[in-house]
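Work through the exercises below with the sequence and the model side by side. Try each task before reading its solution.

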Amino acid sequence: MAENAVRDGFAQTQRHGRIHYLEAGAGEPLVLMHTNGASAHQYDRVIGALAARYRVISWDMPGHGDSEPIGRHYRVADYADAVTALLDALGIDRKSTRLN
């Protein structure tokens with residue numbers, strides 16, 4: 001499979017359940033965060049181009065897309081904790097990660 005090919009995956013987290021993500025490329029991690037009510041597919045048109053330079057991870061925030069539904073209102077801190085849990089599940093060093 002080519003490095004720029006988009007892979008579909010799921011990561012199990014303790015506090016946020018199953019998180020869906022799309023991944024492509026290699027190198028420095030770049031995490032793409034969709035807008036409210038959208039999904040990881042918001043970046044379908046650019047993920048391939050970004051993957052030429054980065055390990056791109058476009059995730060479905062909890063309660064969105066194919067990630068597990070949530071049973072309460074999430075605050076910004078909850079989403080921050082969720083993306084941290086995703087990075088940990090994928091074995092990605094948080095200090096070397098770009099968030100967009």
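## Exercise 1: Glu 23 and its surroundings

Task: Which residues is Glu 23 in contact with, leaving aside neighbours within four places in sequence?

Solution. This is a predicted model. Leaving aside its neighbours within four places in sequence, Glu 23 is in contact with Ala 5, Val 6, Arg 7, Arg 55, Val 56 and Ile 57. Next, place the residue: Glu 23 belongs to strand β2. Then check its accessibility. The cut-off for buried is under 20% relative accessible area. Glu 23 has 9%, so it counts as buried. Finally, look at the side chain. A polar contact of 2.5 Å links the side chain of Glu 23 to that of Arg 55.

## Exercise 2: Arg 7

Task: Is Arg 7 buried, partly exposed or exposed?

Solution. Start with its location: Arg 7 is in strand β1, residues 7-13. Its relative accessible area is 26%, so Arg 7 is partly exposed. Now follow the side chain. One of its polar atoms lies 3.4 Å from the backbone oxygen of Ala 5. Last, compare chain and space. Arg 7 and Leu 22 are 15 residues apart along the chain, and their C-alpha atoms are separated by 5.6 Å.

## Exercise 3: Asp 8

Task: Which side chain does the side chain of Asp 8 join in a polar contact of 2.4 Å?

Solution. Find Asp 8 in strand β1. Leaving aside neighbours within four places in sequence, the contacts of Asp 8 are His 20, Tyr 21 and Leu 22. The polar contact of 2.4 Å is with the side chain of His 20. Now add accessibility. The relative accessible area of Asp 8 is 54%, so Asp 8 is exposed. For a second distance, take Ala 51. Asp 8 and Ala 51 are 43 residues apart along the chain, with 14 Å between their C-alpha atoms.

## Exercise 4: Ser 67

Task: What does the side chain of Ser 67 reach at 2.9 Å?

Solution. Locate Ser 67 in the loop between β4 and α2. Its relative accessible area is 7%, so Ser 67 is buried. Leaving aside neighbours within four places in sequence, Ser 67 is in contact with Arg 18, Ile 19, His 20, Asp 60, Met 61 and Pro 62. At 2.9 Å, its side chain reaches the backbone nitrogen of His 20. Arg 18 leads on to a ring. The charged end of Arg 18 sits over the ring of Phe 10, 3.9 Å from its centre.

## Exercise 5: The nonpolar cores

Task: How many residues does the largest nonpolar core have?

Solution. The largest nonpolar core has 15 residues. Those with the most contacts inside it are Tyr 21, Val 31, Ile 57, Trp 59, Leu 86 and Leu 90. Then ask which elements supply it. β2 (17-24), β4 (55-59) and α2 (76-89) each give two or more residues. The largest share, 5 residues, comes from α2. Another core lies apart from this one. That second core has 10 residues, including Ala 24, Leu 30, Tyr 43 and Ala 51.

## Exercise 6: Confidence

Task: Which element has the lowest mean pLDDT, and which the highest?

Solution. Begin with the whole protein. Its mean pLDDT is 92, and 91% of its residues reach 70 or more. Now go element by element. Strand β5, residues 98-99, has the lowest mean pLDDT, 67. β2 has the highest, 98. Keep one caution in mind: where pLDDT is low, the predicted coordinates should not be read in detail.

Terms used. Residues are numbered from 1 along each chain as its sequence is written. This is a predicted model: local features need pLDDT of at least 70, side-chain atom pairs count only at pLDDT 80 or more; totals for chains, interfaces and linings use all residues. Side-chain values use heavy atoms; hydrogens and water are left out. A nonpolar core is a set of buried Ala, Val, Leu, Ile, Met, Phe, Trp, Tyr and Cys residues joined through side-chain atoms within 4.5 Å. Buried means under 20% relative accessible area, exposed over 50%, partly exposed in between (1.4 Å probe, protein chains only). Helices (H or I, at least four residues) and strands (E, at least two) are DSSP runs, numbered from the N terminus. pLDDT is the predictor's confidence in each residue, from 0 to 100. A charge sits over a ring if NZ of Lys or CZ of Arg is within 6 Å of the ring centre and within 35 degrees of the ring normal. A polar contact is a pair of N or O atoms within 3.5 Å; within protein, one must be able to donate a hydrogen and the other to accept it, and residues adjacent in sequence count only if both atoms are side-chain atoms. Contact means heavy atoms within 4.5 Å.
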